[in-house]
Amino acid sequence: FTILIFFLLSSAGVESTLPSSKAVTLPASTAEKMPRETLAVVVSAQDIVVEGRIVASVPDVMQQPADLIPALQAELTLLAQRQTVRKENADAEKALTIVADKNIPYKLLRKVMATGAAAGFSDVSFALQQKPDL
């Protein structure tokens, strides 16, 4: 019984901290590394969400000819400045994780990545759902 409790307690701290949404179905991967704590941009079929706040509508973004999404860029720039103030090393890489539905078109993902880079995030990664071992 003690071993079982120890196992449950030790494995409880390993859970990922990425935001979850019923509107987003992540692609599956065989990634072995656990995700690190980063700022997450959630891209569903309808909205682009940063820290629980809707910043842009996907249909509106898809109609824009430009690669930059102004509302997302403003939000990411503000959050990047807050991160810099909280950290001692202002030159540290700013990391961003894109949590996108697996059916999102590449054109939209390219716009989100370009906007993140324009806001000063140099380390962009994608969230994946780990496939179970067979």
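Helix α4, spanning residues 106-118, is a good place to start: at 1.5 Å a residue its 13 residues should cover 18 Å, and the end C-alpha atoms do sit 18 Å apart, so expectation and model agree. The model itself is a predicted one. Several residues of α4 are buried, namely L108, L109, K111, V112, T115 and G116. These take up an arc of only 160 degrees around the axis, which means that they share the same side of α4. Just past the end of this helix, G120 adopts a positive phi of about 100 degrees.

Stepping back to the whole chain, the count is four helices and seven strands. Read from the N terminus, the order of elements is α-β-β-β-β-α-α-β-α-β-β. The chain has 134 residues, and 31% of them are buried. Contacts reach well along the sequence: taking those between residues at least 6 apart, 67% join residues at least 24 apart. As for the outside, the accessible surface amounts to about 9000 Å², with 57% of it belonging to carbon and sulfur atoms.

Now for the charged pairs. Side chains of opposite charge can pair when their charged atoms come close. Two salt bridges turn up in this structure. In one of them, R53 pairs with E75, with 2.3 Å between the closest N and O atoms. R53 belongs to strand β4 (residues 53-57) and E75 to helix α3 (residues 70-86), so this bridge ties together parts lying 22 residues apart in sequence. The two partners fall into separate burial classes under the 20% cut-off for buried residues. R53 is partly exposed, at a relative accessible area of 47%, whereas E75 is buried, at 12%.

Another salt bridge joins the side chains of D67 and R110, with an N to O distance of 3.0 Å. Here, too, distant parts of the chain are linked: D67 lies in the loop between α2 (58-63) and α3, R110 lies in helix α4, and 43 residues separate the two. D67 is partly exposed, its relative accessible area being 33%. R110 likewise counts as partly exposed, with 33% relative accessibility. That brings the description back to α4, the helix that holds R110 and also the buried residues L108, L109 and K111, among others.

Terms used. Residues are numbered from 1 along each chain as its sequence is written. This is a predicted model: local features need pLDDT of at least 70, side-chain atom pairs count only at pLDDT 80 or more; totals for chains, interfaces and linings use all residues. Side-chain values use heavy atoms; hydrogens and water are left out. Buried means under 20% relative accessible area, exposed over 50%, partly exposed in between (1.4 Å probe, protein chains only). Contact means heavy atoms within 4.5 Å. Accessible areas come from the Shrake-Rupley method with a 1.4 Å probe; for residues, only the protein chains shown count as cover. The expected span of a helix is 1.5 Å times one less than its number of residues. The arc is that of the directions from the helix axis to the C-beta atoms. A salt bridge is a side-chain nitrogen of Lys or Arg within 4 Å of a carboxyl oxygen of Asp or Glu.
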